Amino acid sequence: MKALLDACVNPQHLNTTVLSTPDRDYTARDFIEGKNRVLEMLGPGVDLSGQRVVLLIPDVFHYASVIFAVNERGGVLVPLSLQYRAGDLSAVLDAVKPHYIFTISELPGVSFSRLIRDWQRQSGVQCTIYEANNEYEWQRTDFPGVPAVKDDLYRDFIFFTSGSTGIPKGVVVGQENLIPYLEVYPRMLNMKSTDRLFNVPPLTLVAGFCGLLSAIHTGFRFVVPGKFDLPQIAQTMKRTGCNKILSTPSILKALYTMTQHLEPGVFQNLDECYLVGEMVSEGAVNEFALLKHARFIGVLALSEAGGVMTADLRGKLEWKPDSSVQVKFLKENGMSELLVKTPTLFKNYYNQPGMTRDAVTEDGWLKTGDLAEPSEGGKIVLIGRKKDLIKKGGAQVVPGEVEKVLTDHPCIVQAAVVGVPHPVFGEMVVAFVVADSPFEHAELYEHCKTRIARYKVPDHIEIIESLPLISGKTDKVALRQLYAEQDHR
Amino acid sequence: MTFEAFCRFISDYTHTPLQEIKENASFRDDLGIDSLQMVNLIVGLTQEMRLGMDVLAGSEDMATVGKLYQVLTRDEDK
């Protein structure tokens with residue numbers, strides 16, 4: 001099996017600009033050189049087969065250079081979100097027990113060097129840490145401890161999301177499952193080598209990362225934001241002449257709201273907008289007056305399955321599966337769940353065989369958790385979610401994880417977290433808590449902020465005497481209704 | 001709107017302790033407010049103050065609490 005970068009590079013596009021950040025452009029050749037510099041630093045002959053390498057790197061070029069080098073040496077890559085804080089980061093590191101960590105030393109308001117050293121001291125796992133500041137001169141430190149076992153994995157990736165009980169869920173994707181993205185991604189997004197795509201999804205998720213791989217392969221330009229600064233994003237789109245955007249609906253709306261008067265031309269240049277990560281309601285796209293001429297296409301993609309299907313958001317909301325995707329429907333308890341088989345299907349959840357068995361049937365169909373029904377001409381109508389998941393600004397918030405953090409507070413005995421529609425976030429996180437002694441609201445927010453990523457912190461916390469129950473479980477429908485009936489000015 | 005009322009609004013809206021909201025505090029680096037929360041805050045503030053988004057000319061206008069206050073209240077006396 002060729003290493004990942006060798007499999008992606010297309011000699012025809014070697015000198016084409018395939019990645020643009022706010023201040024730099026990179027060709028495919030630059031990635032080969034970046035990878036070689038990391039290989040040189042790792043030293044000759046280092047074999048990383050079965051060894052887990054965690055990445056916390058904000059700069060896309062250096063992030064990808066480390067990935068390509070580690071992959072060439074056989075390592076298992078574990079890219080992590082830079083939004084993690086002490087609680088969720090150490091939960092993931094406990095689950096991974098990495099052999100190596102490549103990390104930025106610090107970002108504003110958070111020292112990853114300190115968080116990782118704290119974790120290493122507490123866990124006692126033997127680990128090599130490479131740290132860098134913004135100049136990306138990697139400094140190596142070896143920490144002694146108990147050696148972690150190696151996996152029977154070679155050149156695989158583990159992409160992390162939160163599990164329902166607060167246990168992190170690592171989606172294992174083999175390199176052989178990434179390669180088909182090189183065809184599926186450009187097909188679903190209708191990409192030609194002349195296109196310039198502004199990409200919002202983070203590259204720590206499989207879909208974001210495969211966008212970059214597809215650009216290297218197909219020769220289109222993949223444009224990414226540096227930090228999340230909306231006026232800077234508009235300027236980057238202007239500088240690079242983007243004609244397409246892939247975004248969550250909430251971020252496109254925020255970008256449009258904040259910058260349409262600053263850079264109207266940026267929106268007039270867009271001829272295709274791809275929306276991913278949140279449900280879109282019919283007619284929602286009509287509010288973008290400057291984008292009247294543009295096509296709006298919804299994309300349904302899952303870490304476990306890759307890109308599944310698309311829908312014309314200007315028409316009736318019906319979804320058309322990609323030609324590489326097989327679909328069927330599982331009827332249970334009067335509900336019809338969408339099942340898919342794709343060439344980009346994941347292998348399993350890392351060290352969670354029970355979770356994997358619940359998600360994938362014995363004959364290899366993934367249960368998507370989306371309730372759906374077949375429509376005419378092989379199209380599909382999505383009805384709702386079976387799983388209890390909040391989609392806030394395109395990021396997934398698992399209620400169970402937030403509930404656990406809330407009940408870890410000494411005054412809180414029970415907690416229930418629900419998603420409620422919100423004009424900017426798409427959905428916001430609302431928590432209902434039962435307390436056995438008085439507490440300060442502000443203090444409970446701080447308790448959450450130091451333990452989990454900011455987007456998971458409840459936007460509202462309501463005190464309730466007891467949680468409503470239905471068939472022995474918390475009645476979240478009643479809680480959503482209760483919230484809607486209150487006046488929240 | 002007074003600066004004190006402005007800070008209280010930000011504190012309530014973003015669940016950030018009032019004592020952290022100082023004139024030179026950076027929204028991103030000191031208050032840990034991410035981009036989407038920032039948009040939400042600005043939508044909330046402009047509604048409260050009955051202003052349009054076009055009062056903001058770029059990232060610098062939203063960098064610190066004091067700068068945002070200055071930009072949003074620029075025309076109050078007129």
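Let me begin with burial: of the 489 residues of chain A, 57% count as buried, where buried means under 20% relative accessible area with a 1.4 Å probe and protein chains only. What we have here is a predicted model, in which local features need pLDDT of at least 70 and side-chain atom pairs count only at pLDDT 80 or more, whereas totals for chains, interfaces and linings use all residues. Residues are numbered from 1 along each chain as its sequence is written, chains are lettered from A in the order in which they are written, and side-chain values use heavy atoms, with hydrogens and water left out.

On overall dimensions, chain A has a radius of gyration of 22 Å, taken over C-alpha atoms, which agrees with the value near 23 Å for a compact globule of 489 residues, the rule being 2.2 Å times the number of residues to the power 0.38. Its C-alpha trace spans about 65 × 60 × 50 Å along the principal axes.

Turning to the interior, the largest nonpolar core, meaning buried Ala, Val, Leu, Ile, Met, Phe, Trp, Tyr and Cys residues joined through side-chain atoms within 4.5 Å, holds 109 residues, and A:Phe31, A:Phe68, A:Leu80, A:Phe102, A:Ile216 and A:Phe222 touch the most other members. Helix H3 of chain A, residues 60–72, gives this core its largest share, 9 residues, helices being DSSP runs of H or I with at least four residues, numbered from the N terminus. A second, separate core of 66 residues includes A:Ala254, A:Val418, A:Tyr483 and B:Val65.

Finally, chain A has 15 helices and 30 strands, a strand being a DSSP run of E with at least two residues.

Terms used
Buried < 20%, exposed > 50% of the residue type's maximum accessible area, 1.4 Å probe, protein only.
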